[in-house]
Amino acid sequence: MNREMSEVLVRTSAGTPMGALMRRYWVPVLQACEIAEPDGPQVRVQIMGEKLLAFRDSEGRPGLISEFCSHRGVSLFFGRNEEGGIRCAYHGLKFNRLGECVEVPSAPHACKHMGITGYPCIERAGIIWAYMGPAGQEPAPPDVEWCTLPASHVYVSKRLQQCNYLQAMEGGIDTAHVSYVHRFEVDNDPMHRGTKALEYIKADGNVIFEIEKTDFGLTLYGRRNADALHHYWRITQWLFPWYTLIPPFGEHALGGHVWVPIDDHNCWAWSINFRPERPLTEQERADMAAGLGIHCEYEPGSWRPKANKDNDYLIDRVAQKDKRAYSGVFGFSAQDASLQESMGPIQDHENEKLLPTDRAISMARRMLHDSALALASGEQPPPALDAACQRVRAAGVLLPKTDKPQEWAREHLFDGRDQPVFSI
């Protein structure tokens with residue numbers, strides 16, 4: 001990838017082509033429980049380089065506004081959340097959840113000139129989402145399956161990842177690495193163990209991909225040998241611009257991610273497990289809360305993983321030698337983050353040498369790049385704004401070697417929420 005393309009893709013601050021593109025979609029900002037109470041403490045949030053504050057007003061409605069007062073630039077983190085807005089502790093200016101200035105004690109007539117940035121918010125799946133694009137052009141709320149289920153069916157976590165969103169998200173798109181970095185731990189993890197899929201993945205590390213461009217993004221068909229008559233297909237979905245849906249294992253919960261830039265050097269990795277057909281059990285929730293599967297343990301009082309770059313992700317060379325952890329790092333999220341963060345805050349794309357298994361990554365890059373430049377040149381609307389196109393699933397399935405997975409997927413996975421979960 002040349003430098004021009006890389007620069008477009010990795011820069012997401014306000015005023016950049018990619019930043020403008022991503023702001024046209026509903027953005028996961030923080031967990032609803034982080035601002036649990038009306039008039040409770042406001043929380044600092046940074047999204048795509050913007051320093052913001054999230055809070056609930058007196059009526060319990062979520063708000064997302066600029067962190068800084070328009071008067072003298074004081075941080076409103078030190079303000080008072082009361083009576084329908086945030087009051088600056090310095091000179092008493094007050095701002096509502098939309099950023100409108102509703103009171104200037106020393107000059108009431110100045111209110112209309114003192115507003116700050118404020119973004120519309122909605123609440124779905126225990127997440128506060130914000131629309132940060134042009135006013136009045138909000139798309140329909142996100143309709144990925146886990147957003148539509150009862151709270152009892154869904155578990156959501158997030159973690160800080162200290163690298164650009166692109167290299168993190170590309171790990172979610174790339175399913176070939178499952179045969180390697182996660183190879184040993186899957187046997188014991190409660191959300192993967194005891195499934196036939198693991199036998200196929202371990203036996204055939206030479207996954208062959210067929211990639212299909214769709215209205216919502218990309219469908220990745222990863223083919224491995226199963227038996228003399230069948231192929232095992234892992235069907236992954238990438239939903240434009242930042243969702244991935246993970247093929248399930250056996251009777252375990254489905255999963256997915258959202259990859260959201262904090263700034264150009266850090267991102268939020270949202271991890272979701274869900275059961276369309278029933279609530280998650282107490283044991284499933286306990287395992288997820290313990291950091292198993294795609295989730296993680298945290299440093300106390302933070303969203304930073306306990307295993308991080310400052311402690312070499314708690315690498316255990318004995319476990320690596322004994323084939324208990326392929327890279328010596330334990331935990332799926334830590335395994336992925338250790339490798340993606342090792343590339344540096346922003347990967348040197350000019351010096352990479354891609355392989356055939358990277359075709360989906362190349363296609364996703366091209367879709368994002370071309371869409372950002374098209375929007376910058378005035379073309380409207382961006383891809384996949386219609387939330388109805390998000391009604392897809394990932395799957396694992398055995399198909400006869402003569403069958404085309406694309407035909408099977410169109411029947412069973414595209415707008416297939418009334419279908420059973422397909423998993424091996």
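Trainee: Which residue in strand 14 is the bridge partner of Lys213?
Mentor: Leu218 is the partner of Lys213. Keep in mind that this is a predicted model.

Trainee: In what sense do strand 13 and strand 14 pair, and over how many bridges?
Mentor: They pair in the antiparallel sense, over six bridges. Strand 13 covers residues 208-213, and strand 14 covers residues 217-225.

Trainee: What joins strand 13 to strand 14?
Mentor: A hairpin does, through three residues.

Trainee: New topic. How many disulfides does the structure hold?
Mentor: Zero. Take Cys147, which is in no disulfide. The nearest cysteine sulfur belongs to Cys389 and is 13 Å away.

Trainee: Is Cys147 buried or exposed?
Mentor: Cys147 counts as buried, because its relative accessibility is 7%. The cut-off for buried is under 20%.

Trainee: And why is there no bond between Cys267 and Cys163?
Mentor: Their sulfurs are 5.0 Å apart, so they are too far for a bond. A disulfide needs the two sulfur atoms within 2.5 Å. Cys163 has the closest cysteine sulfur to that of Cys267.

Trainee: Is Cys267 buried or exposed?
Mentor: Buried, because Cys267 has 0% relative accessibility.

Trainee: Back to strands. What is the order in the open sheet of four strands?
Mentor: The order is 5-6-7-8, with antiparallel pairing. Strand 5 (80-82) and strand 8 (101-103) are the edge strands, and each pairs on one side only.

Trainee: How many bridges join strand 6 to strand 7?
Mentor: Two bridges join strand 6, residues 85-87, to strand 7, residues 94-95. In one of the pairs, Arg87 has Lys94 of strand 7 as its bridge partner.

Terms used
Residues are numbered from 1 along each chain as its sequence is written. This is a predicted model: local features need pLDDT of at least 70, side-chain atom pairs count only at pLDDT 80 or more; totals for chains, interfaces and linings use all residues. Side-chain values use heavy atoms; hydrogens and water are left out. Two strands pair if DSSP finds at least two bridges between them. Buried means under 20% relative accessible area, exposed over 50%, partly exposed in between (1.4 Å probe, protein chains only).
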